[in-house]
Amino acid sequence: MAVKIRLQRHGKKGKPFYWVVAADARSKRDGRYLEKLGTYNPNTNPATIDLNIDHAVQWLHNGAQPTDTARAILSYKGVLLKHHLDGGVRKGALTQEQADAKFAAWLEEKVGKVDAKKDNLSKAKADAKAKALAAEKAVNEKRANAAAEAEAAAKAEAEAAENAAAAEEVATEAAAEEPAADEATEETQA
C-alpha cells in the first residue's frame, strides 16, 4: 500500500482549512485517512500550521511520500530536516544529541524569522492606520478652515451691508437736515 502525506480540504467556500493527513494513495482526497498529522490554515498571515513533527517524521521513515504542497509545509516546519538528521544518526555520522542540537538551533532561527515577519506586519498595519488618521485630520482641518473662511466672509458681507445701511441712513438724515438748515438760514435773512 502506497502511503501519501497530503492535504484534506475542509472549511467553507472561499475560506479553505486543511488537515495534513497520512492516507492511502488510492483513497479520495477528502476520504479515509490513516492518521491526522496536523492542520494548515492559509487564511491567516502568516499561515497557521499546527503539525505533530514526531508522527510526520515516523511516517517519512516508513516510506510515506508527501505531495508537493505537503512537502513545502513539512519543510517549513522542519520535519524534512529532522528526517534528514535522523538518517545521519542511523548511519553513524551524528550522535542523537548533535542532531537534536542542530534541530533546536534551526527551530529557534525559524521562530525568530516568523516573529520578525509578524512584527513587520503589525508595524505596517499600525503605520497604515497612522497615515489614515493623519489624512483624516488634514481633511478635517481643511474643512474647518473652509468653514471659518466662509463664516468670516459672511460676517464681512453682513458688516459691509450694515455699513452701507448706516451710510444710507446718514445720507438720508443729512438730506433731511439740509432743508431744515435752509429754513433756518431763510429765517435769519428775513
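Which backbone oxygen lies 2.8 Å from a polar atom of the side chain of Ser 27? It is the backbone oxygen of Asp 24, as the first legend below sets out.

The model is predicted, so that local features need pLDDT of at least 70 and side-chain atom pairs count only at pLDDT 80 or more, whereas totals for chains, interfaces and linings use all residues. Residues are numbered from 1 along each chain as its sequence is written, and side-chain values use heavy atoms, with hydrogens and water left out.

**View 1. Polar contacts of Ser 27 in the loop between S2 and S3.** Helices (H or I, at least four residues) and strands (E, at least two) are DSSP runs, numbered from the N terminus. A polar contact is a pair of N or O atoms within 3.5 Å; within protein, one must be able to donate a hydrogen and the other to accept it, and residues adjacent in sequence count only if both atoms are side-chain atoms. The side chain of Ser 27 makes such a contact, of 2.7 Å, with the side chain of Arg 6. A polar atom of the Ser 27 side chain also lies 2.8 Å from the backbone oxygen of Asp 24. With residues up to four places away in sequence not counted, Ser 27 touches Arg 6 and Arg 32, where contact means heavy atoms within 4.5 Å.

**View 2. The largest nonpolar core, with 24 residues.** A nonpolar core is a set of buried Ala, Val, Leu, Ile, Met, Phe, Trp, Tyr and Cys residues joined through side-chain atoms within 4.5 Å. Buried means under 20% relative accessible area, exposed over 50%, and partly exposed in between (1.4 Å probe, protein chains only). Ile 5, Val 20, Leu 37, Tyr 40, Leu 51, Trp 59 and Val 79 have the most contacts inside this core. At least two of its residues come from each of strands S1 (3–12), S2 (15–24), S3 (35–41) and S4 (48–51) and helices H1 (53–61), H2 (68–77), H3 (79–91) and H4 (96–189). H1 gives the largest share, five residues. Leu 37 touches, among others, Ile 5, Val 20, Leu 51, His 55 and Trp 59, not counting residues up to four places away in sequence.

**View 3. Leu 7 in strand S1.** Leu 7 counts as buried because its relative accessibility is 15%. Apart from residues up to four places away in sequence, Leu 7 touches Tyr 18, Trp 19, Val 20, Arg 29, Tyr 40, Thr 69 and Ile 73. One of these partners, Thr 69, is 62 residues from Leu 7 in sequence, with 7.9 Å between the two C-alpha atoms.

**View 4. The largest pocket, with about 280 Å³ of space.** On a 1 Å grid over the protein atoms alone, a pocket is an open set of points where a 1.4 Å probe fits, with protein on both sides within 12 Å along at least five of seven lines; lining residues have an atom within 4 Å of a point. Grid points are joined across faces, edges and corners, and the volume is the space filled by probe spheres set on the points. The lining has 13 residues, of which Ile 49, Tyr 76, Lys 77, Val 111 and Val 114 are the closest to the centre. S4, H2 and H4 are the elements that give two or more residues to the lining, and the largest share, six residues, comes from H4. By class, the lining has eight nonpolar, one polar and four charged residues. Here Ala, Val, Leu, Ile, Met, Phe, Trp, Tyr, Cys and Pro count as nonpolar, Asp, Glu, Lys and Arg as charged, and the others, Gly among them, as polar.

**View 5. Asn 41 in strand S3 and Pro 46 in the loop between S3 and S4.** Asn 41 is buried because its relative accessible area is 17%. A polar atom of the Asn 41 side chain lies 3.1 Å from the backbone nitrogen of Asn 43. Neighbours within four places in sequence aside, Asn 41 is in contact with Pro 16, Phe 17, Ala 47 and Thr 48. The peptide bond from Asn 45 to Pro 46 is cis, with omega near -5°.

**View 6. Arg 143 in helix H4.** Arg 143 counts as exposed because its relative accessibility is 52%. A polar contact of 3.2 Å joins its side chain to that of Asn 140. Arg 143 and His 55 are 88 residues apart in sequence and 63 Å apart in space, C-alpha to C-alpha.
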